[in-house]
Amino acid sequence: MGAIQIPFSKPVVLGTEGEWVKEAFANSRVAGDGPFSARCSELLEDAIGASRVLLTTSCTHALEMAALLLDIKPGDKVLVPSFTFVSTVNAFVLRGAQPVFVDSRPDTLNMDEELVKELIDEQTRVVVPVHYGGVACEMDAILSYGNDRGVRVVEDNAHGLFGAYRGRPLGSLGCMATQSFHETKNFSCGEGGALVINDPGLVSRAEIIREKGTDRSRFFRGEVDKYRWVDLGSSFLLADVLAALLLPQLERREQITQRRMTIWQSYERSLAAWAADMGATLPVIPPHCEHPAHVFYLLMPDQLTRDRFIAHMRAQGILTVFHYLPLNMSPMGKRLGGRRGMCPVAEDISGRIVRMPLYYNMGDDELAKVIECATQFEA
Ligand SMILES: *Cc1c(COP(=O)(O)O)cnc(C)c1O
């Protein structure tokens, strides 16, 4: 097979990265909570309308912080989509929680809110909706079922930064939300993340948990005269030198999201007729959801066609990829009570989904080549 000419994803390159890293070193502040971190946090607090945003080493760690903050204990149940990344679930399983895998809606592929209503019981402590591709889950329903039963909602918003649901920013809807700045996400600093805190009652303990269980954040603000070990914690801070890479991307969020959206819409326009001929479908975006163009996918008529399509594109040097394998069928998921047949929609779409190359620095020539090769494929 030939070399890959068009990858599936590439981290954002603005061209000024070196200057920002130099400035971080010129500040002599490259560890956590320096000036760049403060500016990223402020920008995100304003954009999302959050009480506090704490930068973390990853979305995985932000999820672990959320589980610690909610005092998740063995025997607690957490409702999670089956069609998600492992971190959504692991963070709670690490605290001894029992995951309950929720199947997807066939249209948006998001956690089915009607199943959330059925599955919430006395042991349920948290629901973790994932806005797949940055298209919102049915949050009004999920939040109201949670409220009725005293269950907290934590949004895993790794895909959805700067998206919205009924005019409200994604990440502002749960008591907390988590963001990812991994290189595969819309905004990235290699590895990174954030915990978005919307319940002001959780802020001070979140600062402590992120600072190894100490009140060091209060010490730096001059609120206490020495810092002490006061609670559980770990080291979840993003290095300021990485925040220096992230800030210019966040400042240019409209430009970055707009370019992704242009690519997304080109796929939608150019692939619609060809896909319909083949019995494939394109993403469904409900009118009340604004998405940040994180994923463009096709649902092929069956797995064999999907796998043949991936091979066809690969032969032309273009990488298209499938996505999550349902967690209820994973080896670890099975040890936690998952089994085949539990999430029929997720099990079906997982075999048929394929994602198209989509990244900020993708050129018009690359986009044209992907579309041309795709539409040459015959089922
Ligand atoms: C990428 C991703 C994560 C993990 O993000 P990291 O920053 O790599 O820890 C978690 N959940 C979802 C839905 C993701 O897509």
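In the predicted model, strand β8 is mostly covered, with five of its five residues buried. The burial extends to both faces of the strand, since Met176, Thr178 and Ser180 on one side and Ala177 and Gln179 on the other are all buried. In a regular strand the side chains alternate between the two faces of the sheet. Strand β8 pairs with β5 in the parallel sense over three bridges, and in this pairing Glu155 has Ala177 of β8 as its bridge partner. With β9, by contrast, β8 pairs in the antiparallel sense over five bridges, and the bridge partner of Gln179 in β9 is Ala194. Strand β5 is itself mostly covered, four of its five residues being buried. Two bridges join β5 to β4, and these two strands run parallel; here Val127 stands opposite Val153 of β5.

These strands belong to an open sheet of seven strands with mixed pairing, in the order β1-β9-β8-β5-β4-β2-β3. The edges are formed by β1 (52-56) and β3 (98-102), each of which has a single partner strand, so that one side of each is left without a neighbour in the sheet. On average, neighbouring strands of this sheet are turned by 25° against each other, direction ignored. Towards the β3 edge, strand β2 (residues 77-81) is joined to β3 by five bridges, the two strands running parallel, and Pro81 has Val102 of β3 as its bridge partner. Helix α3 (residues 59-69) packs on the sheet and touches β1, β5 (152-156), β8 (176-180) and β9 (193-197), its direction making about 165° with that of β8. Helix α7 (residues 203-210) also packs on the sheet, where it touches β1 and β9, and its direction makes about 10° with that of β1.

A second group of strands, β7, β6 and β10, forms an open sheet in the order β7-β6-β10, with antiparallel pairing. Its edge strands are β7 (168-169) and β10 (289-290), each of which pairs on one side only. Strand β6 (residues 164-165) is joined to β10 by two bridges, the two strands running antiparallel, and Tyr165 stands opposite Cys289 in β10. Helix α6 (residues 139-149) has as its buried residues Met139, Ala141, Ile142, Leu143, Tyr145 and Gly146. These buried residues pack against elements that include strands of both sheets, namely β4 (124-127) and β5 as well as β6 and β7, and they also pack against helix α5 (113-119). An α-helix has 3.6 residues a turn, so residues three or four places apart point the same way. The helix α6 is followed by Gly150, whose phi is positive, near 65°.

The ligand is surrounded by 15 residues, of which the closest are Thr60, Asp156, His159, Ser180 and Lys185. Among these, Ser180 is one of the buried residues of β8. A polar side-chain atom of Thr60 lies 2.5 Å from an oxygen atom of the ligand. For Lys185, an N or O atom of the side chain is 3.2 Å from an oxygen atom of the ligand, and for Tyr324 the corresponding distance from a side-chain N or O atom to a ligand oxygen atom is 3.3 Å. Of the 380 Å² of accessible area that the ligand has on its own, the protein covers 92%.

Beyond the sheets and the ligand site, two loop residues are notable for their backbone angles. Most residues other than glycine have a negative phi, and most peptide bonds are trans. Ser28, which is found in the loop between α1 (17-26) and α2 (35-48), has a positive phi near 55° although it is a residue other than glycine. Leu109, in the loop between β3 and α5, likewise has a positive phi, near 70°. The surroundings of these two residues differ, for Ser28 counts as exposed at 62% relative accessibility, whereas Leu109 is buried with a relative accessible area of 1%.

Asp277 is located in helix α10 (residues 253-278). At 73% relative accessibility, above the 50% limit for exposure, Asp277 counts as exposed. Although Asp277 and Glu378 are 101 residues apart in sequence, their C-alpha atoms are 9.3 Å apart in space.

Key:
Residues are numbered from 1 along each chain as its sequence is written. This is a predicted model: local features need pLDDT of at least 70, side-chain atom pairs count only at pLDDT 80 or more; totals for chains, interfaces and linings use all residues. Side-chain values use heavy atoms; hydrogens and water are left out. Two strands pair if DSSP finds at least two bridges between them. Axes are lines fitted to C-alpha atoms, for helices over the stretch in contact, and angles run from 0 to 180 degrees between N-to-C directions. Contact means heavy atoms within 4.5 Å. A residue is near a molecule or strand if one of its heavy atoms lies within 4 Å of it. A polar contact is a pair of N or O atoms within 3.5 Å; within protein, one must be able to donate a hydrogen and the other to accept it, and residues adjacent in sequence count only if both atoms are side-chain atoms. Accessible areas come from the Shrake-Rupley method with a 1.4 Å probe; for residues, only the protein chains shown count as cover. Buried means under 20% relative accessible area, exposed over 50%, partly exposed in between (1.4 Å probe, protein chains only).
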